[in-house]
Amino acid sequence: MANGLQEGEIRQALQEGGHIRNVLIVSKCVGGAVEHLAYLRASWRRDFLPLRTWNDRGDRTYRDLDRLLTLIRADFGFGGCIPVYIAGDPELARYKVLARELPVAGPLPPHCGTELGSLHESDQIVRDVGTR
C-alpha cells in the first residue's frame with residue numbers, strides 16, 4: 001500500500017463517492033524557503049496521510065500556500081477548517097504519527113531566510129496563518 005495519497009487516487013475515490021474528512025497543513029523550511037505539505041484523512045483510508053507525488057516517489061509540497069488550498073478546496077471539494085502548523089509545533093502531538101515524523105530542523109517559518117538568533121525582540125513567529 002502507498003505511503004500517502006496521490007492526486008489520481010483522490011480524484012478516483014471522490015468520483016466513487018468518497019470524501020475528505022479532515023485536512024491539516026504542515027509548513028517547514030527547506031533550503032531557505034517555506035514549503036507546505038497537506039495531510040489528508042480520507043473516508044477510504046484510516047489515518048492522516050501526506051499528499052504524495054505520482055508513483056508515490058515523495059511528498060508533494062507547495063511553496064505557494066494558495067495553490068495548495070485551491071487544490072484542496074476547489075479540486076477535492078473540502079469545505080472544512082484547514083489548520084496550518086509549523087513542523088515541530090507541540091500541537092502536532094495530538095496527531096501522534098505526525099509528531100514523530102516531523103522533527104524541527106533549522107529555522108522555523110516565517111523566518112527561513114534568517115538566523116533565529118538574529119531576530120529582534122519585536123519579531124514574532126506566528127504559528128497559524130495570520131498577521132504580524
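Strands, in the sense used here, are DSSP runs of E of at least two residues, numbered from the N terminus. In this predicted model, residue E35 is found in one such run, strand β3. E35 is buried, with a relative accessible area of 13%, a value that falls under the 20% taken as the limit for burial. The side chain of E35 makes a polar contact with the side chain of T61, at 2.8 Å, and a further polar contact joins the side chain of E35 to that of R63, at 3.4 Å. When residues up to four places away in sequence are not counted, the residues touched by E35 are V26, S27, K28, V30, T61, Y62 and R63, so that both polar partners, T61 and R63, also appear among these contacts.

Helix α2 spans residues 65-75, and within this helix L65, L68, L71 and I72 are buried. Seen down the axis of α2, these buried residues fall within an arc of 125°, and they therefore line one face of the helix. On the other side of α2, by contrast, D66, R67 and A74 are exposed. The buried residues of the helix pack against α1 (7-15) and against the strands β2 (20-30), β3 (33-42), β4 (48-52) and β5 (61-62). At the N-terminal end, α2 is capped by D64, of which a side-chain oxygen lies 3.0 Å from the backbone nitrogen of D66. The helix is followed by G77, a residue whose phi is positive, near 70°.

In soluble globular proteins, nonpolar side chains tend to be buried together. In the present model, the largest nonpolar core comprises 19 residues, of which I20, I25, L40, L68 and I72 touch the most other members. At least two residues of this core are supplied by each of β2, β3, β4 and α2, and α2 gives the most, with 4 residues. The contacts of L68, one of the buried residues of α2, were examined individually: with residues up to four places away in sequence not counted, L68 touches I25, H36, A38, L51 and Y62. Y62 is thus listed among the contacts of L68 as well as among those of E35. A second core, separate from the largest one, consists of 9 residues and includes L24, Y85, L92 and Y95.

Conventions: Residues numbered from 1 in each chain as written. Predicted model: local features only at pLDDT ≥ 70, side-chain atom pairs only at ≥ 80, totals over all residues. Heavy atoms only, no water. Buried < 20%, exposed > 50% of the residue type's maximum accessible area, 1.4 Å probe, protein only. Arc of directions from axis to C-beta. Contact = heavy atoms within 4.5 Å. Polar contact = N/O pair within 3.5 Å; in protein donor to acceptor, adjacent residues only side chain to side chain. Core = buried A, V, L, I, M, F, W, Y, C linked by side-chain atoms within 4.5 Å.
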